[in-house]
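This report concerns internal cavities, sheet topology and helix crossings. The sequence and structure are shown first.

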Amino acid sequence: MLVGIDLGTTNSAIAAIIDGEIVVFKSADNREVLPSVIYIDRNDRRLFGHRALSQAHTSPTNIASGFKRHIGEGFEITFEASNLVLNAEECSTEILKQLLARARAQVDNGTEITHAVIGVPAAFNQMQNEATKRAALAAGLRDVKLLQEPIAAAIASEEMSGSTSDAFIVFDLGGGTLDVALVQNLLGSLTVERHEGVNRLGGRDFDRLIVDQVLVPWLLDTFDLPNDFMKLEEYTRLRRVLQPAAEDAKVELAGQEQSGIFVPEDNVRTVDLVQTPIYVDVDLTRERFETLIGPLLDRTVAVCRDLLKSALYEPEDVDRLVFIGGPTRMQFVRDYVSNALGIPAVQEVDPMTAVAIGAAVFGATAAVVDKSSKEAEEERTQADVGVEFQVQEVTGSETARFRLRIKDPKPD
């Protein structure tokens, strides 16, 4: 069995085509995505995903996250309680094992999951790609293909919407990075024409704005703290619990008008200059949050305009915007970017599962394309004219795309 995997910096997902239907494998508590987070305690007890995230407030030094951006670099993470050290590749293997276990629990007994297509950023270099493959093989897969994430997202867009486009901008705003790609559809073949990105622009910058502009001022007004307490070693634990609290608020504001940011003193475990235990209890409205992130979204729009300019495209030359990445689940983000660029946004695709779905569809289709190409070549050796027939095996629309290519006669 083949699966499509989005091994994301912040969240990961796994999908497959089963009996012609797209299936996104869910956790036992019905979640489609697995946060790419690992927690390890002093006894080597390990938690993953949302369960690991739940420890971020109380045990921030035993958490690993965001490691995908360092894969292939030899970057190491130390879990302080156990003194265990894992590199980014090993952490990725752990997340892949969790995804595969999720899928195995939901397919027929005896079905082996041996093949996978994994989405990777368009900007990944050879070392990063090879490290991703090694991580997948170490997780128990036997055959792994890599697919650029913008291509996967474009495939998912066509599959879920049931329509095709000549040109897309795939806007990938993740936890730590922005990647935008111009994807062109030429006779059913999707290619990345141009891509641009910013390595330090993503959802964590949204979190940082909440910390710097909302939480820090409240703490300074409420407690007796040095103005530069965020830079002082004695307030390290306070600093570490603020970021996940801000992230929780950001996620809540995607679906409601106000979020209460609360961290009890038992979790902070820090006192101010007069020995008062510190806690956090702040309300944040969606309106204020949207005002805070507006300038960052302007930067993302500027990157898209640079992409279009470098490709000699105008906005009207692009059919639609495809959004992937956690922050783009916010309707405000999609509307802001779409309106600024004057390019309509695809609404049918879940930004959190698009890459996994696209990878699964690609894998199912590629298997037939490979077979068709081989059979066509065999026919070509026996006839004066070679014919290559390729068909899209899996489609959610009422029509399917196919390609018939007449090759030159084989020379005697």
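## Lining of the largest cavity

Strand S13 contributes the most to the lining of the largest cavity, supplying 3 residues. The model is predicted, and every value in this report is computed from it. S13 spans residues 178–186. Helix H4 (149–161), strand S12 (167–173) and strand S14 (189–198) join S13 as elements that each provide at least two lining residues.

The volume of this largest cavity is about 90 Å³. Its lining comprises 13 residues, and the closest to the cavity centre are Ala122, Pro150, Asp179, Val180 and Ala181. Sorted by class, the lining contains 8 nonpolar residues, 4 charged residues and 1 polar residue.

## The second largest cavity

How many cavities of 30 Å³ or more does a search of the whole structure find? The search returns 2. The second largest has a volume of about 40 Å³.

The residues that line this second cavity are Leu7, Lys68, Ile71, Ile118, Gly119, Val120, Phe124 and Thr132. Strand S10, covering residues 115–120, gives the most to this lining, with 3 residues. The class division is 5 nonpolar, 2 polar and 1 charged.

## The four-stranded mixed sheet

Three of the elements named for the largest cavity, S12, S13 and S14, recur in an open sheet. This sheet consists of 4 strands in the order S14-S13-S12-S17, and its pairing is mixed. S14 and strand S17 (320–324) occupy the edges; each has a single partner strand, so one side of each lacks a neighbour in the sheet. On average, neighbouring strands here are turned by 20 degrees against each other, with direction ignored.

Within the sheet, S13 and S14 are paired in the antiparallel sense over 9 bridges. One residue-level example of this pairing is Gln184, whose bridge partner in S14 is Thr191.

## The three-stranded antiparallel sheet

Another open sheet is built from 3 strands, ordered S6-S5-S7, with antiparallel pairing. Its edges are formed by strand S6 (46–48) and strand S7 (63–65); each of these has a single partner strand, so one side of each is left without a neighbour in the sheet. The average turn between neighbouring strands of this sheet, direction ignored, is 20 degrees.

Strand S5, residues 37–40, pairs with S7 in the antiparallel sense over 3 bridges. In this pairing, Val37 has Ser65 of S7 as its bridge partner.

## The hairpin of S8 and S9

Strand S8 (residues 76–79) and strand S9 (residues 84–87) form an antiparallel pair over 4 bridges. Thr78 is matched with Val85, its bridge partner in S9.

Which residue in the hairpin of S8 and S9 takes a positive phi? With 4 residues between the strands, the hairpin has Asn83 at a positive phi near 60 degrees.

## Helix crossings

Helix H5 takes part in two of the crossings described here, one with helix H6 and one with helix H8. The axes of H5 (residues 203–222) and H6 (residues 236–253) come within 8 Å and cross at roughly 115 degrees. That angle makes H5 roughly perpendicular to H6, and the crossing is right-handed.

The axes of H5 and H8 come within 10 Å of each other and cross at roughly 125 degrees. H5 and H8 are therefore oblique to each other, and H5 passes H8 in a right-handed crossing.

H8, which covers residues 286–310, also crosses helix H9, residues 331–341. The axes of this pair come within 10 Å, at a crossing angle of roughly 45 degrees. H8 and H9 are therefore also classed as oblique to each other, and H8 passes H9 with right-handed sense.

How values were computed:
Residues are numbered from 1 along each chain as its sequence is written. This is a predicted model: local features need pLDDT of at least 70, side-chain atom pairs count only at pLDDT 80 or more; totals for chains, interfaces and linings use all residues. Side-chain values use heavy atoms; hydrogens and water are left out. On a 1 Å grid over the protein atoms alone, a cavity is a set of points where a 1.4 Å probe fits but cannot get out, and a pocket is an open set with protein on both sides within 12 Å along at least five of seven lines; lining residues have an atom within 4 Å of a point. Grid points are joined across faces, edges and corners, and a volume is the space filled by probe spheres set on the points. Ala, Val, Leu, Ile, Met, Phe, Trp, Tyr, Cys and Pro count as nonpolar, Asp, Glu, Lys and Arg as charged, and the others, Gly among them, as polar. Two strands pair if DSSP finds at least two bridges between them. Axes are lines fitted to C-alpha atoms, for helices over the stretch in contact, and angles run from 0 to 180 degrees between N-to-C directions. Angles under 35 degrees count as roughly parallel, over 145 as roughly antiparallel, 65 to 115 as roughly perpendicular and the rest as oblique. A crossing is left-handed if the near helix is turned anticlockwise from the far one by less than a right angle, and right-handed if clockwise.
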